[in-house]
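Here's a quick tour for anyone opening this structure for the first time. Have the sequence and the 3D view side by side as you read.

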Amino acid sequence: MGSCLECVPGYSQKESSSFVCKPCPKDHFTNETSQTHCQECAIGTFSLPGSASCPVCAVGEAGKPCTKCAPGKY
């Protein structure tokens, strides 16, 4: 290979001389290329592995991780 490639959003690599980028774990993300660490999603949001963003919890869910609201709450 003629040059090193950047990790795409949703993936990171913190090790020197590695040849693969690793997907961010559940409830973590990267939204830029060439990241060395994934960021944790904020309260009230979530993500699947390899995500480039953290969408808001579904209607009727809240918290971290997103969980269904208790009876009498919304």
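What follows is a short briefing on the disulfides, salt bridges, backbone oddities and main pocket.

Keep in mind that this is a predicted model. The chain has four disulfides and three salt bridges, and its largest pocket has a volume of about 290 Å³.

**Disulfides**

- If you number the bonded cysteines in sequence order, they pair up as 1-2, 3-4, 5-6, 7-8.
- Cys24 and Cys38 make one of these bonds, with their sulfur atoms 2.1 Å apart. This pair links distant parts of the chain, 14 residues apart: Cys24 sits in the loop between strand E2 (22–23) and strand E3 (28–29), and Cys38 in the loop between E3 and strand E4 (39–40).
- The torsion about the S-S bond of Cys24 and Cys38 is about -85 degrees, so this disulfide is left-handed.
- The two ends of that bond have their own surroundings: Cys24 is buried, with a relative accessible area of 1%, while Cys38 is partly exposed, at 22%.
- Cys41 and Cys54 are also bonded, and here the sulfur atoms are 1.9 Å apart. Both cysteines lie in the loop between E4 and strand E5 (61–62), so the bond ties together parts that are 13 residues apart in sequence.
- With a torsion of about -65 degrees about its S-S bond, the Cys41 and Cys54 disulfide is left-handed. Cys41 and Cys54 are both buried.
- Cys57 pairs with Cys66, the S to S distance being 1.9 Å. The S-S torsion is about -75 degrees, so this bond is left-handed too.
- Cys57 itself counts as buried, at 10% relative accessibility.

**Cysteines without a partner**

- Why is Cys4 not in a bond? Its closest cysteine sulfur, in Cys21, is 10 Å away, and that is too far, because a disulfide needs the two sulfurs within 2.5 Å.
- Cys4 is exposed, with a relative accessible area of 77%.
- Cys69 has a similar story: the closest cysteine sulfur, in Cys57, is 8.7 Å from the sulfur of Cys69, too far for a bond.
- Cys69 is partly exposed, with a relative accessible area of 25%.

**Salt bridges**

- Glu15 and Lys22 meet through their side chains in a salt bridge, at 3.2 Å from N to O. Glu15 is partly exposed, at 42% relative accessibility, and Lys22 is partly exposed as well, at 43%.
- Lys26 forms a salt bridge with Asp27, and the closest N and O atoms are 3.7 Å apart. Lys26 is exposed, at 51% relative accessibility, whereas Asp27 is buried, at 18%.
- Glu40 and Lys64 form a salt bridge too, with 2.7 Å between the closest N and O atoms. This one links distant parts of the chain: Glu40 is in strand E4 and Lys64 is in the loop between E5 and E6, 24 residues apart.
- Lys64 is partly exposed, with a relative accessible area of 42%.

**Backbone oddities**

- Lys64 turns up again here, since a cis peptide bond joins Lys64 and Pro65, with omega at about 0 degrees. Pro65 lies in the loop between E5 and strand E6 (67–68).
- Asp27, the salt-bridge partner of Lys26, has a positive phi of about 65 degrees although it is not a glycine. You'll find Asp27 in the loop between E2 and E3.
- Ser34 is not a glycine either, yet it has a positive phi of about 60 degrees. Look for Ser34 in the loop between E3 and E4, where it is partly exposed, with a relative accessible area of 40%.

**The largest pocket**

- Which residues lie nearest the centre of the largest pocket? They are Leu5, Ser18, Phe19, Val20 and Cys21, out of 15 residues that line the pocket.
- The lining is made up of eight nonpolar, five polar and two charged residues.
- One of those central residues, Cys21, is also the place of the closest cysteine sulfur to Cys4.

Technical notes
Residues are numbered from 1 along each chain as its sequence is written. This is a predicted model: local features need pLDDT of at least 70, side-chain atom pairs count only at pLDDT 80 or more; totals for chains, interfaces and linings use all residues. Side-chain values use heavy atoms; hydrogens and water are left out. On a 1 Å grid over the protein atoms alone, a cavity is a set of points where a 1.4 Å probe fits but cannot get out, and a pocket is an open set with protein on both sides within 12 Å along at least five of seven lines; lining residues have an atom within 4 Å of a point. Grid points are joined across faces, edges and corners, and a volume is the space filled by probe spheres set on the points. Ala, Val, Leu, Ile, Met, Phe, Trp, Tyr, Cys and Pro count as nonpolar, Asp, Glu, Lys and Arg as charged, and the others, Gly among them, as polar. Helices (H or I, at least four residues) and strands (E, at least two) are DSSP runs, numbered from the N terminus. Buried means under 20% relative accessible area, exposed over 50%, partly exposed in between (1.4 Å probe, protein chains only). A salt bridge is a side-chain nitrogen of Lys or Arg within 4 Å of a carboxyl oxygen of Asp or Glu.
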